[in-house]
Amino acid sequence: MSQFVVGLTGGIGSGKSTVSAIFEEFGIDVIDADIVARRVVEPGTPALMQIEQHFGSDYITAEGTLNRTKLRSLVFSNNDAKTWLNELLHPLIRKTLLADIEASTSPYSILVAPLLIENKLTRYVNRVLVVDIDERTQLARTLKRDPSSEDEVKSIIASQTSRENRRQHADDIVDNSLSDLSQLKQQLQNLHRLYLEFAGHQAS
């Protein structure tokens with residue numbers, strides 16, 4: 001792959017979206033696995049039709065879109081459903097991610113993926129950047145922004161790799177435990193300069 005790629009990951013509620021938005025402010029292309037995952041199941045796509053055939057029309061909304069909340073509840077309580085869905089979607093998501101990275105025109109690109117390590121997407125990146133917070137903060141932030149129950153959020157956290165494993169895979173770690181956006185931006189500005197160097201570009 002010709003493009004220098006930074007893999008951005010972190011647990012649910014860690015602040016990956018905030019971090020990726022700041023990189024976009026720096027003029028860097030962001031390829032988000034969650035957004036790609038939504039694209040491959042848009043109305044009319046073969047994947048959405050297969051999901052409806054397999055799980056039933058209850059998992060499709062009246063508007064013809066995927067009922068994500070209902071499907072998420074199912075896959076976190078049913079391993080067979082989770083395996084089937086992963087086998088359908090992961091190859092489609094991976095193919096689209098790689099195409100989007102190749103199409104990037106910024107000095108380097110950011111690949112945002114909550115399951116970067118678990119799904120072995122690390123093979124497609126040059127460096128791994130982890131957004132790090134403790135589990136208690138992770139839980140509190142997720143409950144504040146999501147309609148999910150505490151048990152569901154805890155189940156999601158448990159299904160992701162551990163904080164320790166994430167840190168072990170990291171080339172760079174950004175601390176997002178504080179609410180100070182300016183401090184976060186400073187950390188990312190320093191990393192941006194570093195990544196420009198690695199990618200063979202000079203910071204302006």
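Two strands count as paired when DSSP finds at least two bridges between them, and this idea will guide much of the tour through this predicted model.

**The whole chain**

Begin with the entire chain in view, where you can look for 9 helices and 5 strands. If you follow the sequence from its start, these elements come in the order β-α-β-α-α-α-α-β-β-α-α-α-β-α. The C-alpha atoms fill a box of roughly 55 × 40 × 30 Å along the principal axes. For 204 residues a compact globule would have a radius of gyration near 17 Å, and the 18 Å of this chain agrees with that. Of the contacts with a separation of 6 or more, 75% are between residues 24 or more positions apart, and 42% of the residues in the chain are buried.

If you colour the charged side chains, you will find 22 positive and 27 negative ones, and the centres of these two sets lie 2 Å apart.

**Strand S1**

Next, select residues 5–9, which form strand S1, and notice that 5 of its 5 residues are buried. In a regular strand the side chains alternate between the two faces of the sheet. Here Val 5, Gly 7 and Thr 9 are on one side, while Val 6 and Leu 8 are on the other, and all of them are buried.

Now add residues 109–112, strand S3, which runs parallel to S1 and is joined to it by 4 bridges. To see one of these partnerships, select Leu 8 together with its bridge partner in S3, Val 112. Then bring in residues 127–132, strand S4, which also pairs with S1 in the parallel sense, over 4 bridges. The partner to select here is Val 130 of S4, which is bridged to Thr 9.

**Strand S4 and onward to S5**

Stay with S4 for a moment: because 6 of its 6 residues are buried, S4 is largely enclosed by the rest of the structure. Arg 127, Leu 129 and Val 131 point one way from the strand, whereas Val 128, Val 130 and Asp 132 point the other way. From S4 you can step across to S5, since the two strands pair in the parallel sense over 4 bridges; in this pairing, Asp 132 has Asp 175 of S5 as its bridge partner.

**Asn 176**

Which loop holds Asn 176? Select this residue, and you will find it in the loop between strand S5 (172–175) and helix H9 (181–198). Although it belongs to a loop, Asn 176 is buried, with a relative accessible area of 8%, because a residue counts as buried when this value is under 20%. Apart from residues up to four places away in sequence, Asn 176 touches Ser 14, Gly 15, Val 131, Asp 132, Ile 133, Arg 141 and Leu 184.

**Gln 3**

Go back towards the start of the chain and select Gln 3, in the segment before S1. Is Gln 3 buried or exposed? With a relative accessibility of 11%, Gln 3 counts as buried. Add Ile 101 to the selection: the two residues are 98 residues apart in sequence, yet their C-alpha atoms are 7.2 Å apart in space. Beyond its neighbours within four places in sequence, Gln 3 has contacts that include Ile 101, Pro 107, Tyr 108 and Asn 126.

**Lys 120**

Finish in the loop between S3 and S4, where Lys 120 is the residue to select. Most residues other than glycine have a negative phi. Lys 120, which is not a glycine, nevertheless has a positive phi of about 60°.

Technical notes. Residues numbered from 1 in each chain as written. Predicted model: local features only at pLDDT ≥ 70, side-chain atom pairs only at ≥ 80, totals over all residues. Heavy atoms only, no water. Rg over C-alpha atoms; globule rule 2.2 N^0.38 Å. Buried < 20%, exposed > 50% of the residue type's maximum accessible area, 1.4 Å probe, protein only. Contact = heavy atoms within 4.5 Å. Lys, Arg positive; Asp, Glu negative; His and termini not counted. Charge placed at Lys NZ, Arg CZ, Asp CG, Glu CD.
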